[in-house]
Amino acid sequence: QVQLVESGGGLVQAGGSLRLSCAASGTFFSINAMGWYRQAPGKQRELVATITSGGSTDYADSVKGRFTISRDNAKNTVYLQMNSLKPEDTAVYYCNAVIRSKMYRLSNYWGQGTQVTVSS
């Protein structure tokens, strides 16, 4: 069974930084794209950033220039470095991964979410 375990959320003042991590564990063949999404109270879940297995990245306009997504394929881990945080970045952040099983089937997985709160 595949699990995504996130860490690194917390409370930070505006202008500060946080680094989120998400590690995939279990039995599988490979990990395709990985990404981070967030959901603020009363709002829909939205894409923050994605990264392919080859390292190509994509970002929401609201975080470009402030957030950096990266991954360590050897550790099956994706990171989100968040700088210059703003109160509007406050949300639950979810890790996402598209994983190919040993039977070569692709499935979408989500982490449990980690709270990021930015105070003004």
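Two exercises with worked solutions follow, on residue E6 and the sheet that holds its strand.

The model is predicted, with pLDDT of at least 70 needed for local features and 80 or more for side-chain atom pairs, while totals for chains, interfaces and linings use all residues. Residues are numbered from 1 along each chain as its sequence is written, and side-chain values use heavy atoms, without hydrogens or water.

**Exercise 1.** Determine which backbone nitrogens the side chain of E6 reaches.

*Solution.*
1. Locate the residue: E6 lies in strand β1, residues 3-7 (strands are DSSP runs of E, at least two residues, numbered from the N terminus).
2. Assess its charge environment: E6 is buried (under 20% relative accessible area, 1.4 Å probe, protein chains only) and has no salt bridge (a side-chain nitrogen of Lys or Arg within 4 Å of a carboxyl oxygen of Asp or Glu). The nearest side chain of opposite charge, R45, is 7.8 Å away.
3. Identify the partners: the E6 side chain reaches the backbone nitrogen of C95 at 2.5 Å and that of G113 at 2.4 Å.
4. Extend to contacts (heavy atoms within 4.5 Å): beyond four places in sequence, E6 touches residues including W36, Y93 and Q112.

**Exercise 2.** Establish which strands stand at the edges of the sheet.

*Solution.*
1. Write the order: 4 strands form an open antiparallel sheet, β1-β3-β8-β7 (strands pair if DSSP finds at least two bridges between them).
2. Read off the edges: β1 and β7 (67-72) each have a single partner strand, so one side of each lacks a neighbour in the sheet.
3. Examine the β1 pairing: 5 bridges join β1 to the antiparallel strand β3, residues 18-25, with A24 of β3 as the bridge partner of L4.

How values were computed:
Buried < 20%, exposed > 50% of the residue type's maximum accessible area, 1.4 Å probe, protein only. Lys, Arg positive; Asp, Glu negative; His and termini not counted. Polar contact = N/O pair within 3.5 Å; in protein donor to acceptor, adjacent residues only side chain to side chain.
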